Amino acid sequence: MVGPNTRSLIVFVALILVFNIATLCNGGSTSRYVRKLAKGDDMPLDSDVFRVPRGYNAPQQVHITQGDLEGKAMIVSWVTIDEPGSSKVLYWIDGSDQKLSANGKVNKYKFYNYTSGFIHHCTIRRLKPNTKYHYEVGIGHTVRSFWFISPPEVGPDAPYTFGLIGDLGQSYDSNKTLTHYEQNPTKGQAVLFVGDLSYADQYPNHDNARWDSWGRFVERSVAYQPWIWTVGNHEIDFVPEIGETKPFKPYSNRYHTPYKASNSTSPFWYSIKRGPAYIIVLASYSAYGKYTPQFKWLEAEFPKVNRTETPWLIVLMHAPWYNSNTYHYMEGETMRVMYEPWFVKYKVDMVFAGHVHAYERTERVSNIAYNVVNGLCTPVKDSSAPIYITIGDGGNLEGLANNMTMPQPEYSAFREASFGHATLDIKNKTHAYYAWHRNQDEFSVEADNLWIFNRYWNPVDESSTSASASA
Ligand SMILES: *[C@@H]1O[C@H](CO)[C@@H](O)[C@H](O)[C@H]1NC(C)=O
Ligand SMILES: *[C@@H]1O[C@H](CO)[C@@H](O)[C@H](O)[C@H]1NC(C)=O
Ligand SMILES: *[C@@H]1O[C@H](CO)[C@@H](O)[C@H](O)[C@H]1NC(C)=O
Ligand SMILES: *[C@@H]1O[C@H](CO)[C@@H](O)[C@H](O)[C@H]1NC(C)=O
Ligand SMILES: *[C@@H]1O[C@H](CO)[C@@H](O)[C@H](O)[C@H]1NC(C)=O
Ligand SMILES: *[C@@H]1O[C@H](CO)[C@@H](O)[C@H](O)[C@H]1NC(C)=O
Ligand SMILES: [Fe+2]
């Protein structure tokens, strides 16, 4: 499971306090778990999780993501090394012997002195809802097979469970996070990934071989269920010193998104519908000011959301707007100032972000009354506002962000510097069950959980339903 060296780095210090820290200040609860701030080592390149599949030109780094607006298409991507080979995907419904096929495209790129393998992207379309599909890649040489289950028809009555992972990287802790997600008795059907994938940029010359190893590491999940991609700062890969001046080059060659389906002009911001949810993905590191393409797109996007069709409105971004950790404090502030009034007006249910390597959940708050002179600059409770979750605790090599602002602000309901992941289990148009899992616990343990009530159909105050806040 986990290297003994990692285990010894993780030190539990259960403070023997009669009262929770929460009782000493105005905000919610700061978990009593305090961990040593230790940098996690990346798994060495010869680790089991990075093994190259055997066979001539064997496809590796297989990954899937939603390929259209409604979930009837899937983008299948993989890398071949020896030669381009075929970009064809063969796929069929479980139990059927009628094989369908689709043809994709292949590309490659250079980054300083690194040359990528042959990167294939193929979109398969007209999928039947809620159906198990098998698919094969590597046609003509070494063939590898995988499967996925297509999402239910878009509509209010389809239950659906999302996994939530951010800032994953490829350390021993990252492997623990992924294992906990896989072993969680609440089975995620698709991952909402909030940015910062491989952390290859931490290596000399942003050694892109670490993009390849990351692709092999996560294949065990993302070849079987779509991960919905958000772009983070570790995807920027802007290194003019070595002549690399095109931001996001490795990421955009390797990870495609269905942005055209939502009339976006950039792969970094887009939206999809999946079952009962409308998911808007924003780009923290692309221009978002007034008149920019992202601004104009988002302005047109919110009025399109039909809560009768998709009751749940979820937004993903990398840099959080509400974060009471000292790390990256206020980095999301300028985007919040631009967009928060829309989030309240259109009653966004939940906002998930990463970037800060810790976990935090807020109350429903907004901070939209302020103008330059009125002094109303404190966030206030707002039943039309989203709950903001920071889930940048995937476990990358940079270690935990454990220096919180004190006292805990009132908007912060629960915070803890531990690695983990979360699940959002949408039950129907009024109720969803949310839970955060930390890596130190048994797979079934929920370290923070809450019934979430839909803002459009059931705007009841849920702040008292948290089990953990009183723990
Ligand atoms: C990663 O986790 C998997 C599943 O728990 C385990 O089989 C594997 O040995 C781990 N690899 C490393 C390098 O920790
Ligand atoms: C790229 O250059 C670095 C030093 O600048 C060197 O260590 C590395 O081996 C080179 N990689 C390749 C693939 O040539
Ligand atoms: C995208 O724009 C076209 C042309 O204006 C329009 O017909 C279509 O409905 C739009 N699609 C979405 C998802 O907004
Ligand atoms: C919203 O969705 C519902 C259910 O799909 C549909 O009946 C209704 O016409 C849609 N409303 C608008 C304004 O498109
Ligand atoms: C915690 O953050 C505060 C505010 O940024 C800073 O002054 C302090 O040095 C930090 N403490 C540690 C241990 O990093
Ligand atoms: C929605 O789900 C919740 C939680 O499972 C349940 O209590 C409620 O009765 C459901 N509502 C409907 C209309 O089925
Ligand atoms: Fe980040």
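**Exercise 1. Which residue forms a salt bridge with Arg438, and how far apart are the closest N and O atoms?**

Solution. This is a predicted model, in which local features need pLDDT of at least 70, side-chain atom pairs count only at pLDDT 80 or more, and totals for chains, interfaces and linings use all residues. Residues are numbered from 1 along each chain as its sequence is written, chains are lettered from A and ligands numbered from 1 in the order in which they are written, and side-chain values use heavy atoms, with hydrogens and water left out.

Step 1. A salt bridge is a side-chain nitrogen of Lys or Arg within 4 Å of a carboxyl oxygen of Asp or Glu. Side chains of opposite charge can pair when their charged atoms come close.

Step 2. The partner of Arg438 is Glu416, and the closest N and O atoms are 2.7 Å apart.

Step 3. Arg438 belongs to strand S27 (residues 431-438) and Glu416 to strand S25 (residues 412-416), so the pair ties together parts that are 22 residues apart in sequence. Strands (E, at least two residues) and helices (H or I, at least four) are DSSP runs, numbered from the N terminus.

Step 4. Both Arg438 and Glu416 are buried; buried means under 20% relative accessible area, exposed over 50%, and partly exposed in between (1.4 Å probe, protein chains only).

**Exercise 2. Place further salt bridges in the structure.**

Solution. Step 1. The structure holds 18 salt bridges. Among them, Glu70, Lys273 and Glu309 are joined into one network by salt bridges that share partners.

Step 2. Glu333 pairs with Arg336, with 2.6 Å between the closest N and O atoms. These two residues both lie in helix H6 (residues 333-345), 3 residues apart, about one turn of the helix. Arg336 is buried because its relative accessible area is 6%.

Step 3. Lys249 forms a salt bridge with Glu244, and here the closest N and O atoms are 2.9 Å apart. Lys249 counts as buried at 16% relative accessibility, and Glu244 counts as buried at 8%.

**Exercise 3. Which protein donors hold the iron ion (ligand 7), and why is their arrangement irregular?**

Solution. Step 1. Donors are N, O and S atoms within 2.8 Å of the metal (3.2 Å for Na, K and Ca); water is not among the atoms, so sites may look incomplete.

Step 2. The protein donors are Asp196 (OD), Asn233 (OD1), His318 (NE2) and His355 (ND1), lying 2.1 to 2.3 Å from the iron ion (ligand 7).

Step 3. The 4 donor atoms subtend angles of 87 to 170 degrees, and the arrangement is therefore irregular. Four donors count as tetrahedral if all angles lie between 85 and 135 degrees; four count as square planar and six as octahedral if opposite donors are over 155 degrees apart and all others between 65 and 115; anything else is irregular.

Step 4. Along the chain, the donors of the iron ion (ligand 7) follow the spacing D-x36-N-x84-H-x36-H. Asp196 lies in the loop between strand S15 (190-193) and helix H3 (209-222), and His355 in the loop between strand S20 (350-353) and strand S21 (359-362), so the pair ties together parts that are 159 residues apart in sequence.

Step 5. Asp196 counts as buried at 1% relative accessibility, and His355 counts as buried at 3%.

**Exercise 4. Is His120 buried or exposed, and which residues does it contact?**

Solution. Step 1. His120 is found in strand S11 (residues 118-124). His120 is buried, since its relative accessible area is 0%.

Step 2. Contact means heavy atoms within 4.5 Å. Leaving aside neighbours within four places in sequence, the contacts of His120 include Val76, Trp78, Pro84, Lys105 and Val106.

Step 3. A polar atom of the His120 side chain lies 3.0 Å from the backbone oxygen of Pro84.

**Exercise 5. Locate the residues with unusual backbone geometry listed here.**

Solution. Step 1. The peptide bond from Met406 to Pro407 is cis, with omega near -5 degrees. Pro407 lies in the loop between strand S24 (387-391) and S25.

Step 2. Asn130, a residue other than glycine, has a positive phi near 50 degrees. Asn130 is placed in the loop between S11 and strand S12 (132-137), and is exposed, with a relative accessible area of 53%.

Step 3. Tyr291 is not a glycine, yet its phi is positive, at about 75 degrees. Tyr291 lies in the loop between strand S18 (277-281) and helix H5 (293-301) and counts as exposed at 68% relative accessibility.

Terms used: Polar contact = N/O pair within 3.5 Å; in protein donor to acceptor, adjacent residues only side chain to side chain.
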